[in-house]
Amino acid sequence: MILLLLACSSPPECDTGTPTWDGEVRDLLITHCQACHAEDTPNRYGAPEGSSFDTEADAIAWADRIRVRVVEDQTMPPGGGMEADEIAAVEAWLDCVALTQE
(Lines give C-alpha, C1' and ligand atoms only; values in the text may rest on other atoms or scores of the structure.)
Protein backbone atom coordinates (compact mmCIF):
# COMPACT_ATOMS: atom_id res chain seq x y z
CA MET A 1 0.00 0.00 0.00
CA ILE A 2 2.80 2.45 0.82
CA LEU A 3 4.43 1.77 -2.53
CA LEU A 4 1.17 2.59 -4.29
CA LEU A 5 0.88 5.91 -2.43
CA LEU A 6 4.44 6.84 -3.34
CA ALA A 7 3.76 6.07 -6.99
CA CYS A 8 0.69 8.28 -6.99
CA SER A 9 2.52 11.24 -5.49
CA SER A 10 5.46 11.25 -7.91
CA PRO A 11 5.54 13.74 -10.79
CA PRO A 12 4.50 12.59 -14.23
CA GLU A 13 7.26 11.15 -16.39
CA CYS A 14 8.27 12.76 -19.65
CA ASP A 15 7.26 10.53 -22.50
CA THR A 16 6.69 10.73 -26.20
CA GLY A 17 3.31 12.40 -25.61
CA THR A 18 4.74 15.26 -23.54
CA PRO A 19 4.64 18.61 -25.36
CA THR A 20 8.08 19.79 -26.43
CA TRP A 21 9.59 23.20 -26.98
CA ASP A 22 9.98 22.61 -30.71
CA GLY A 23 6.66 20.80 -31.07
CA GLU A 24 4.14 23.02 -29.29
CA VAL A 25 5.43 25.22 -26.52
CA ARG A 26 7.52 27.65 -28.55
CA ASP A 27 4.54 28.38 -30.80
CA LEU A 28 2.24 28.89 -27.79
CA LEU A 29 4.65 31.35 -26.19
CA ILE A 30 5.17 33.18 -29.49
CA THR A 31 1.41 33.47 -29.99
CA HIS A 32 0.44 34.43 -26.46
CA CYS A 33 3.55 35.96 -24.85
CA GLN A 34 5.94 37.47 -27.38
CA ALA A 35 4.12 40.79 -27.65
CA CYS A 36 5.61 41.63 -24.23
CA HIS A 37 8.22 38.91 -23.69
CA ALA A 38 10.45 39.12 -26.77
CA GLU A 39 13.95 40.55 -26.61
CA ASP A 40 13.25 42.94 -29.47
CA THR A 41 9.68 43.96 -28.66
CA PRO A 42 9.27 47.74 -28.97
CA ASN A 43 7.01 48.01 -25.90
CA ARG A 44 7.18 45.49 -23.05
CA TYR A 45 3.94 46.82 -21.52
CA GLY A 46 5.40 46.44 -18.03
CA ALA A 47 7.02 43.04 -18.48
CA PRO A 48 10.27 42.91 -16.48
CA GLU A 49 13.45 43.53 -18.43
CA GLY A 50 15.10 40.23 -19.26
CA SER A 51 11.85 38.25 -19.11
CA SER A 52 12.12 37.21 -22.74
CA PHE A 53 11.00 33.83 -24.01
CA ASP A 54 12.83 33.87 -27.34
CA THR A 55 14.62 30.57 -26.72
CA GLU A 56 13.95 27.44 -24.73
CA ALA A 57 16.74 28.43 -22.32
CA ASP A 58 15.07 31.82 -21.80
CA ALA A 59 11.73 30.18 -21.01
CA ILE A 60 13.35 27.62 -18.69
CA ALA A 61 15.02 30.44 -16.78
CA TRP A 62 11.54 31.87 -16.13
CA ALA A 63 9.80 28.48 -15.68
CA ASP A 64 8.76 29.09 -12.07
CA ARG A 65 7.10 32.41 -12.93
CA ILE A 66 5.53 31.00 -16.09
CA ARG A 67 4.00 28.22 -13.99
CA VAL A 68 2.57 30.68 -11.46
CA ARG A 69 1.25 33.24 -13.95
CA VAL A 70 0.06 30.93 -16.77
CA VAL A 71 -0.89 27.67 -15.05
CA GLU A 72 -1.76 28.45 -11.43
CA ASP A 73 -3.08 32.03 -11.34
CA GLN A 74 -3.94 32.21 -15.06
CA THR A 75 -3.19 35.94 -15.04
CA MET A 76 -1.04 35.74 -18.17
CA PRO A 77 -1.55 36.63 -20.84
CA PRO A 78 -3.46 39.66 -19.59
CA GLY A 79 -7.11 39.39 -20.47
CA GLY A 80 -6.87 35.64 -21.02
CA GLY A 81 -6.30 34.10 -24.38
CA MET A 82 -4.95 30.63 -23.63
CA GLU A 83 -7.35 27.76 -23.98
CA ALA A 84 -7.44 25.00 -21.34
CA ASP A 85 -5.60 22.56 -23.63
CA GLU A 86 -2.87 25.14 -24.27
CA ILE A 87 -2.42 25.73 -20.54
CA ALA A 88 -2.27 21.96 -20.03
CA ALA A 89 0.44 21.70 -22.70
CA VAL A 90 2.52 24.42 -21.02
CA GLU A 91 2.04 22.72 -17.65
CA ALA A 92 3.11 19.31 -18.99
CA TRP A 93 6.21 20.88 -20.56
CA LEU A 94 7.04 22.68 -17.30
CA ASP A 95 6.63 19.41 -15.38
CA CYS A 96 9.03 17.73 -17.77
CA VAL A 97 11.52 20.60 -17.56
CA ALA A 98 11.37 20.40 -13.75
CA LEU A 99 12.20 16.69 -13.88
CA THR A 100 15.27 17.33 -16.01
CA GLN A 101 16.47 20.13 -13.70
CA GLU A 102 16.47 17.95 -10.55
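## Helix α5, the largest pocket and His37

Ala92 is found in helix α5, which covers residues 84–101, in what is a predicted model. With a relative accessible area of 26%, Ala92 is partly exposed, because that class lies between the limits of 20% for buried and 50% for exposed. When residues up to four places away in sequence are not counted, Ala92 touches Thr18 and Pro19. The C-alpha atoms of Ala92 and Val25 are separated by 9.8 Å, although these two residues stand 67 residues apart along the chain.

The helix that holds Ala92 belongs to a protein whose secondary structure comes to five helices and zero strands, so that from the N terminus on the elements read α-α-α-α-α. Of the 102 residues in the protein, 33% are buried. Among contacts with a separation of 6 or more, 46% are made by residues 24 or more positions apart. The accessible surface of the protein is about 6600 Å², and carbon and sulfur atoms account for 55% of that surface.

What is the volume of the largest pocket? The value is about 360 Å³, and of the 20 residues that line this pocket, His37, Ala47, Pro48, Arg69 and Met76 are the closest to its centre. Two elements, α2 (21–33) and α4 (63–72), are those that give two or more residues to the lining, and α4 gives the most, with four residues. The make-up of the lining by class is set out below.

| Class of lining residue | Residues in the lining of the largest pocket |
|---|---|
| Nonpolar | 13 residues |
| Polar | four residues |
| Charged | three residues |

His37, one of the residues closest to the centre of the largest pocket, is placed in the loop between α2 and α3, the latter being residues 56–61. Is His37 buried or exposed? His37 counts as buried because its relative accessibility is 11%, and the limit for that class is under 20%. The side chain of His37 reaches the backbone oxygen of Ser51 at a distance of 2.6 Å. Leaving aside neighbours within four places in sequence, His37 is in contact with Arg44, Ala47, Ser51, Ser52, Phe53 and Asp54; Ser51 therefore appears both in this list of contacts and as the partner whose backbone oxygen the His37 side chain reaches, while Ala47 is both a contact of His37 and, like His37, among the residues closest to the centre of the largest pocket.

Definitions and conventions. Residues numbered from 1 in each chain as written. Predicted model: local features only at pLDDT ≥ 70, side-chain atom pairs only at ≥ 80, totals over all residues. Heavy atoms only, no water. 1 Å grid on protein atoms, 1.4 Å probe; cavity = no way out; pocket = protein on both sides within 12 Å on 5 of 7 lines; lining within 4 Å. Points joined across faces, edges and corners; volume = space filled by probe spheres on them. Nonpolar A, V, L, I, M, F, W, Y, C, P; charged D, E, K, R; others polar. Buried < 20%, exposed > 50% of the residue type's maximum accessible area, 1.4 Å probe, protein only. Polar contact = N/O pair within 3.5 Å; in protein donor to acceptor, adjacent residues only side chain to side chain. Contact = heavy atoms within 4.5 Å. Areas by Shrake-Rupley, 256 points an atom, 1.4 Å probe, with all protein chains shown as cover.
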